[in-house]
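Hi there,

Here is the structure I promised to pass on to you. Have a look at it first, and then read on for what turned up in it.

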Amino acid sequence: MKQNPSAIRSAILASVFGLACGAPAVFAQTPCAPRSPCTARKKNPCAAKNPCAAKNPCAAKNPCAASDKVNPKLVTRPAGTKLAQGNSVELIAQGKKLFSDPKLSSNGLSCNTCHTGGASFAQTFAQPYPHFVQMADDKGGLKKIALDEMVQFCIVAPMAAKPLAWDSRELAALTAYTAEIQKTFKYKSGAAANNPCAAKNPCAAKNPCAAKNPCAAKKNPCTAKM
């Protein structure tokens, strides 16, 4: 039986048209089509404007980050250097004020931020200096440290500032006041829990750029499950 060519062409066009309209997963409605929200267009929700990218408040400037290493040379008193001299009562009074002064840091912290009410001092704090301090070992590799050097260590980390001049009155005052605290210090088990740079680090579990990140692996609209 002879088939009509025009009828055959019409049937083919109808089949193609039907396939295009009846298979949205393959054509217009496929998430990989030109209009896919996951293409390289500006509306891509996982592009450079990701709110959890470079402006992450818990990034490198985190004062409580465990990776912050301290150059031991910055906190080791140079040979022959002596602390500034002065009236002990006046030095202690000045040191008490400086202990709560955030201007000594570059991140808004003060000595008192971590040591309010004697908190965060290890049990070894009651021992005569120089002695072993865990933080000095962890971040600077120092097995023993003097009190003025420990003050400098805290200035550098976690207060993220440059060390004070070794012959400055400020360093002498802070050292004198810390020595005064040491005289009446009594270790309390669990006191370290109040340390804002410990487990309750505001840049830890509650990181605003963690699980709720709209571009995170699970809910990322641009992952392999598109």
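From the N terminus on, the protein chain runs α-α-α-α-α-α-α. That makes 7 helices and 0 strands. Please keep in mind that this is a predicted model. The chain has 226 residues, and 33% of them are buried. Among contacts with a separation of 6 or more, 66% link residues 24 or more positions apart.

A good place to begin is helix α6, residues 147–156. How many of the residues of α6 are buried? The count is 10 of 10, so this helix is largely enclosed by the rest of the structure. The buried set includes nonpolar names such as Leu-147, Met-150, Phe-153 and Ile-155, but also Asp-148, Glu-149 and Gln-152. The cover over these buried residues includes α2, α5 and α7.

Next, look at how α6 meets α7, which spans residues 169–183. Their axes are 9 Å apart and the packing angle is about 110°. The two helices are therefore roughly perpendicular to each other. On the α6 side, the contact is made by Leu-147, Asp-148, Val-151 and Gln-152, while α7 brings in Leu-171, Leu-174, Thr-175, Thr-178 and Ala-179. Sorted by class, that contact has 5 nonpolar, 3 polar and 1 charged residues.

Helix α7 also packs against α3. Here the axes come within 7 Å and cross at roughly 90°, which makes α3 roughly perpendicular to α7. From α3, the residues that take part include Glu-90, Leu-91, Leu-98 and Phe-99, and those they meet in α7 include Arg-169, Leu-174, Tyr-177 and Ile-181. By class, the contact of α3 with α7 has 10 nonpolar, 3 polar and 5 charged residues.

Now for the nonpolar cores. The largest has 21 residues, and the members that touch the most others are Phe-99, Leu-104, Phe-121, Met-159, Leu-174 and Ile-181. Helices α3 (88–99), α6 and α7 each supply at least two of its residues. Which helix gives the most to this core? It is α7, with 6 residues. Another core, of 11 residues, lies apart from the largest one, and its members include Val-70, Val-75, Ala-136 and Ala-157. To see how one member of the largest core is placed, pick out Leu-104: neighbours within four places in sequence aside, Leu-104 is in contact with Leu-98, Ile-155, Met-159, Ala-161, Leu-164 and Leu-174.

You may wonder about the cysteines. A search of the whole structure finds 0 disulfides. Why is Cys-111 not bonded to Cys-154? The cysteine sulfur closest to that of Cys-111 belongs to Cys-154, and at 6.5 Å it is too far for a bond. Cys-111 is buried, at 10% relative accessible area, and Cys-114 counts as buried at 10% as well.

The loops have a few details that are worth a click. Two peptide bonds are cis: one joins Tyr-129 and Pro-130, with omega about 0°, and another runs from Ala-157 to Pro-158, with omega near 15°. Pro-130 sits in the loop between α4 and α5, and Pro-158 is in the loop between α6 and α7.

Those two loops also hold residues with a positive phi. Ser-120, in the loop between α4 and α5, has phi near 75°, a positive value in a residue other than glycine. Ser-120 is buried, with a relative accessible area of 17%. Ala-160, in the loop between α6 and α7, has phi near 55°, again positive without being a glycine. Ala-160 is partly exposed, at 40% relative accessible area.

Finally, here are two pairs that bring distant parts of the chain together. Asp-68 is in the loop between α1 (5–22) and α2 (72–75) and counts as partly exposed at 22% relative accessibility. Its C-alpha atom is 6.7 Å from that of Lys-139, 71 residues apart along the chain. Gln-127 belongs to the loop between α4 (111–115) and α5 (134–140) and is partly exposed, with a relative accessible area of 38%. The C-alpha atoms of Gln-127 and Gln-182 are separated by 8.6 Å, with their positions 55 residues apart along the chain.

Happy exploring, and best wishes!

Key:
Residues are numbered from 1 along each chain as its sequence is written. This is a predicted model: local features need pLDDT of at least 70, side-chain atom pairs count only at pLDDT 80 or more; totals for chains, interfaces and linings use all residues. Side-chain values use heavy atoms; hydrogens and water are left out. A disulfide is a pair of cysteine sulfur atoms within 2.5 Å. Buried means under 20% relative accessible area, exposed over 50%, partly exposed in between (1.4 Å probe, protein chains only). Axes are lines fitted to C-alpha atoms, for helices over the stretch in contact, and angles run from 0 to 180 degrees between N-to-C directions. Helices (H or I, at least four residues) and strands (E, at least two) are DSSP runs, numbered from the N terminus. Angles under 35 degrees count as roughly parallel, over 145 as roughly antiparallel, 65 to 115 as roughly perpendicular and the rest as oblique. Contact means heavy atoms within 4.5 Å. A nonpolar core is a set of buried Ala, Val, Leu, Ile, Met, Phe, Trp, Tyr and Cys residues joined through side-chain atoms within 4.5 Å.
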